[in-house]
Amino acid sequence: MRILITGNMGYVGPILVRRLRDSYPEWELIGLDMGYFGNCLSSPGVLPECRVQRQHFADVRIFPAELLAGVDAVVYLAALSNDPLGHAFEDATLAVNYRGCIRAAKMAKEAGVRSFVFASSCSVYGCAEDGARTEESAVNPLTAYAKSKVWTERDLAPLADEDFNITCLRFATACGMSDRLRLDLVLNDFVAGALASNKISILSDGTPWRPLIHVKDMARAIDWAIQRETGGAFLMVNVGRDDWNYQVKDLAEAVATIIPGVDISINKHAQPDNRSYRVSFEKFKQLAPSFTPQIDLLAAIRELRDGLTAIGFHDENFRQSEFIRLNILMGLKKQGVLTDDLEWATELPLLKAASA
Ligand SMILES: NC(=O)c1ccc[n+]([C@@H]2O[C@H](COP(=O)([O-])OP(=O)(O)OC[C@H]3O[C@@H](n4cnc5c(N)ncnc54)[C@H](O)[C@@H]3O)[C@@H](O)[C@H]2O)c1
């Protein structure tokens, strides 16, 4: 098997690559990434990209067709990966997450690829507190990020046929350690706050619902999707576990049981957070019983505590740090190395200075 993974140099990608490398040492893994977060390493030791056979630095918006030669499966992780990024870079979000994906899928089909896996999100449900949403429920995307996922799923569907399987995995909110950790994810943020300052500050009133999934369990689901034989040519499925639908305040309390002495502050004056959803994961359980998520909330918190401690993390101002995807892209743009469209600038300021 030859697998092409776009967006492999982010938070999920290195964990997926580890999983596939360990489970299928004979597979050829190819990475394709802009490298925005290349320097944002959070694990000592081996550079994660040493685990792929080939790493290409390229933009999915101008997908290089030649990379698809002989490829059996494409995993499309590349994205501007959350609501704040979608707000700050709306055009680029739609270009990368939506149009880039549809174009890549069409090219993959043309090239004879057999399986295409798209990383979608439960955020497509938007506001859904009155009962768990299933794949048959109406979607309610409230942000550019969520719209990019809905529109991609819609336009991927007609491309699927018996020779070209498409799987849209609607992931719950990720948590857990990675070689390129993100702290702009709710549980990761709470553990970081608890460790750095003994404080968890909840930005909402604590009531919104969020289903959670550990990043290693995301990788297991992708592993299943690459090779699945059930579910039909086009499959869209929620990925998580029914008993891991939590209210945000419950997450904070769980962190406080593992890291004692933590003060939890709730913003009682917060505007109601519209992004609140409970999700049913029954379909995934039926289709992939051996791949249902395994790592539970308390294990995820302990792992984050130990992982952050191992890298000497103690930054009280981590919400302003390079662990937050938006801060990195804003910083690179400010330095002039990225354009407003998030393309690498052709004239890099450093090179200009050196040649002056
Ligand atoms: N982390 C979560 O909670 C979560 C939940 C649901 C779905 N997802 C989806 O899973 C995928 C991976 O998420 P993540 O947490 O690893 O995000 P991330 O931001 O850490 O990684 C995204 C990667 O995509 C790359 N990328 C961005 N634009 C690109 C372009 N034009 N060309 C090539 N590469 C580009 C970035 O450099 C980065 O390495 C995303 O599609 C995301 O929407 C994530």
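In helix α9, where helices are DSSP runs of H or I with at least four residues, strands are runs of E with at least two, and both are numbered from the N terminus, the residues L297, A300, I301, L304, G307 and L308 are buried, buried meaning under 20% relative accessible area and exposed over 50%, with a 1.4 Å probe and protein chains only. These buried residues cover an arc of only 135° around the axis, which puts them on the same side of α9, the arc being that of the directions from the helix axis to the C-beta atoms. On the other side of α9, T309 and A310 are exposed.

The model is predicted, so that local features need pLDDT of at least 70 and side-chain atom pairs count only at pLDDT 80 or more, whereas totals for chains, interfaces and linings use all residues. Residues are numbered from 1 along each chain as its sequence is written, and side-chain values use heavy atoms, with hydrogens and water left out.

Around the ligand there are 32 residues, of which D33, D59, S81, Y145 and R182 come nearest, a residue being counted as near if one of its heavy atoms lies within 4 Å. A nitrogen atom of the ligand lies 2.8 Å from an N or O atom in the side chain of D59, while a polar side-chain atom of R325 is 3.0 Å from an oxygen atom of the ligand. The protein covers 98% of the 830 Å² of accessible area that the ligand has on its own, as computed by the Shrake-Rupley method with a 1.4 Å probe. The largest share of the shell, 3 residues, comes from β5.

Notes:
A polar contact is a pair of N or O atoms within 3.5 Å; within protein, one must be able to donate a hydrogen and the other to accept it, and residues adjacent in sequence count only if both atoms are side-chain atoms.
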